[in-house]
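Reader: I am in my first year and still learning to read structures. Could you pick out a single helix, take me through it closely, and then show me how the rest of the chain fits around it?

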Amino acid sequence: MRILLLCSSFNGLTQRAWLELRRAGHDVSVELAISERAMVEAAELVKPDLVICPFLKERVPEALWRGHRTVIIHPGPPGDRGPSSLDWAIAEGEREWGVTALQAVEEMDAGPIWGWRTFPMPSEPPRKSALYNGPVADAAVELVAEVAGKAADPLFAPVPLDYRSPEVTGRLRRPMRHADREFSWEQPAEEIVRLVRAADGAPGGRARLCELPVRVFDVHRGPDLAGAPGAVAARREGAVLVHTGQGTVWVGHLRLEAGPETQAGSQVSGVKLPATMVLGERLAGVGERAGYSEITYERGEEVGVVSFDFYNGAMSTDQCRRLAAALRYAAAQDTRVLVVRGGEVFSNGIHLNVIEAARHPELEAWMNINAINAVCREIVACTSQLVVTSIAGNAGAGGVMMGLGADRVIVREPVVLNPHYRTMGLFGSEFWTYVLPRRVGAQAAAELTGRALPVGAAEAVELGLADRVAGGSRQEFERRVVDFAHRLAQDPSYEALLAARRQAREADERRKPLDAYRAEELAEMSRDMFDDRNGFRQARRAFVGKARAQATPPHLAGHRELSGASGPAVPAASHM
């Protein structure tokens, strides 16, 4: 079928829906819902058999839903209505939640139902963004495929919403207001964690910290320590440990809100940043304390695992330096296989928020790209053991390239990779001109970076970007990767594999040293960062400021115009 995806942004869920439908052989177009006129005109241009809205904040124009079958993917169980569904589900401790596909009608979220999925909520309050990108996205992608199948059936008719039905468990919920997100440090740590996670990653919990009005993000339970609620007890790797009415919480990120206490023209105002960067001099005299770490190393007899989990996958200069040091240490151990394991988001490359908030953003960007290059070099140049990258979460730009330096790249089924830099106005670094063509060939590398479109896990294996796909939850996936690493360490051909890695690295180095790739890439990046030849400054500010798109980006709009060339479905990749 010809399907139009109508969305508020081409986010991870929309990308997964786009990939799923294209692999099923559908002709898929994308349009951002920038205005009612744009939505209607897109439908007139595409003439779709079906319109699907995987992520849509705006109301569907009447002219659109009356003229075309339009299905909304709503992040709540049947009967749930309102724009704050996930916020309320987390805040109220729901045990089960769901996703519903419903037809657009005049009243929002009240149309007839095409299908639904339910799933158990985690026992510990999840971050809203983690819930959305995990169980919600998984269920939504299944529903998108189901909707496309039902739309092709002339006998199918959606079921009207009926609150008398036992399957309709939801209800209309009002939008969550600012007051609903406010908390006091006098509250117990458990309450604060739940409330903040219900608002993470946007708009965050509201509180005052060190006499500043802030939005609070990225919180974790801390140790039970005595202290005045709201007092900062310690700091560690950008986070601060704050006393509450009962227990403590680690606060990883803050956003300074405008107020009389906010210094006029402050670089950090309005930008979500590591907590220590926002609080600055107010932390004078606050000491370091163990118990919070973004990077860990677990050493077994044969396998060592370096794990890193950076908030939203952004890697600042400081984080890159710490990760490079951890990789250097791990590579020096006498283990046989090194697993490099990312977190909820594997990596999205350099930290644009920290760069934007720096006194000299271009200089910070330069330092950041050099620091992440050092991380990538540790992976590429490790010849003392075989290296496996474990990609359980999405990755973009330099984060993709960082993972490609390993001997084996293993991705989890739902993962979406964006192996390109163009949309941010950058040429790119992280040795991508070496690792990407080495895996997929020069022509495919040029297409991937030039088209700037997402790649699913199965397609990544078919292209050669990755070696294997594994399913299961994130924990199950990580266990499978470690099991694979142990099998690799015990493989009778291990020594031959390691010798081949060394020989290949030596041959590549003679042909063209890594320093030459680095120098060529940085020469291009210096023009992007300091001369701003491709709009990096504006793209960065728009990203940090969450600026609303003024038009569907050219790489998506151009693909829509060529949408008839999507080709037939391709077979799924082999699994672990």
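**A close look at helix H8**

Author: Let us start with the residues that helix H8 keeps away from the surface: Thr317, Gln319, Cys320, Leu323, Ala324, Ala326, Leu327, Ala330 and Ala331 are buried. Please keep in mind that this is a predicted model. Helix H8 covers residues 317–331, which makes 15 residues. From its first C-alpha to its last, H8 reaches 21 Å, close to the 21 Å expected at 1.5 Å a residue.

As you read along a helix, one rule of thumb will help you. An α-helix has 3.6 residues a turn, so residues three or four places apart point the same way. Try following the buried positions of H8 with that in mind; Cys320, Leu323, Ala324 and Leu327 are among them.

What lies over these buried residues? The cover includes three strands, E13 (295–299), E14 (303–308) and E15 (337–341). Helix H10 (361–380) is also part of what covers them.

Now zoom in on one residue of this helix, Gln319. Gln319 counts as buried because its relative accessibility is 6%, and the cut-off for buried is under 20%. Leaving aside neighbours within four places in sequence, Gln319 is in contact with Glu294, Ile295, Phe310, Ala314 and His351. Take Ile295 from that list: Ile295 and Gln319 are 24 residues apart in sequence, while their C-alpha atoms are 8.9 Å apart in space.

That kind of meeting across the sequence also shows up in the chain as a whole. Among contacts with a separation of 6 or more, 71% are between residues 24 or more positions apart. The chain has 19 helices and 21 strands, and buried residues make up 55% of its 576 residues. For 576 residues, a compact globule would have a radius of gyration near 25 Å, and the chain agrees with this because its own value is 24 Å. Along the principal axes, the C-alpha trace spans about 65 × 60 × 50 Å.

The outside can be described too. The accessible surface of the chain comes to about 24400 Å², and 51% of it belongs to carbon and sulfur atoms. The chain carries 68 positive and 73 negative charges, and the mean positions of the two groups are 1 Å apart.

With H8 in mind, you can visit some other places. Arg474 is found in helix H15 (residues 474–490). Arg474 counts as partly exposed because its relative accessibility is 27%. Apart from neighbours within four places in sequence, the contacts of Arg474 are Asp309, Gly342, Gly343, Glu344, Ala392 and Arg412. Arg474 and Gly134 are 340 residues apart in sequence, yet 9.3 Å apart in space, C-alpha to C-alpha.

Gly396 sits in strand E17 (residues 395–396). Gly396 is buried because its relative accessible area is 7%, and its contacts beyond four places in sequence are Ser347, Asn348, Gly349 and Asn418. Gly396 and Phe10 are 386 residues apart in sequence and 14 Å apart in space, again from C-alpha to C-alpha.

Helix H12 (residues 432–440) gives you another set of buried residues: Trp432, Tyr434, Val435, Leu436, Arg439 and Val440. Just after H12 comes Gly441, with a positive phi of about 95°.

Finally, let us turn to the backbone. Most residues other than glycine have a negative phi, and most peptide bonds are trans. The loop between helix H6 (189–197) and strand E7 (205–209) contains Gly201, and the peptide bond joining Asp200 to Gly201 is cis, with omega about 5°. Pro203 is in the loop between H6 and E7 as well, and the bond from Ala202 to Pro203 is cis, with omega near 0°.

Following the chain past E7, you reach Cys210 in the loop between E7 and strand E8 (212–221). Cys210 is not a glycine, but its phi is positive, near 55°. Glu211, also in the loop between E7 and E8, has a positive phi of about 65° without being a glycine. As for accessibility, Cys210 counts as partly exposed at 21%, whereas Glu211 is exposed at 66%.

Note on methods:
Residues are numbered from 1 along each chain as its sequence is written. This is a predicted model: local features need pLDDT of at least 70, side-chain atom pairs count only at pLDDT 80 or more; totals for chains, interfaces and linings use all residues. Side-chain values use heavy atoms; hydrogens and water are left out. Helices (H or I, at least four residues) and strands (E, at least two) are DSSP runs, numbered from the N terminus. The radius of gyration is taken over C-alpha atoms; the globule rule is 2.2 Å times the number of residues to the power 0.38. Buried means under 20% relative accessible area, exposed over 50%, partly exposed in between (1.4 Å probe, protein chains only). Contact means heavy atoms within 4.5 Å. Accessible areas come from the Shrake-Rupley method with a 1.4 Å probe; for residues, only the protein chains shown count as cover. Lys and Arg count as positive and Asp and Glu as negative; His and the chain ends are not counted. The place of a charge is taken as NZ of Lys, CZ of Arg, CG of Asp or CD of Glu. The expected span of a helix is 1.5 Å times one less than its number of residues.
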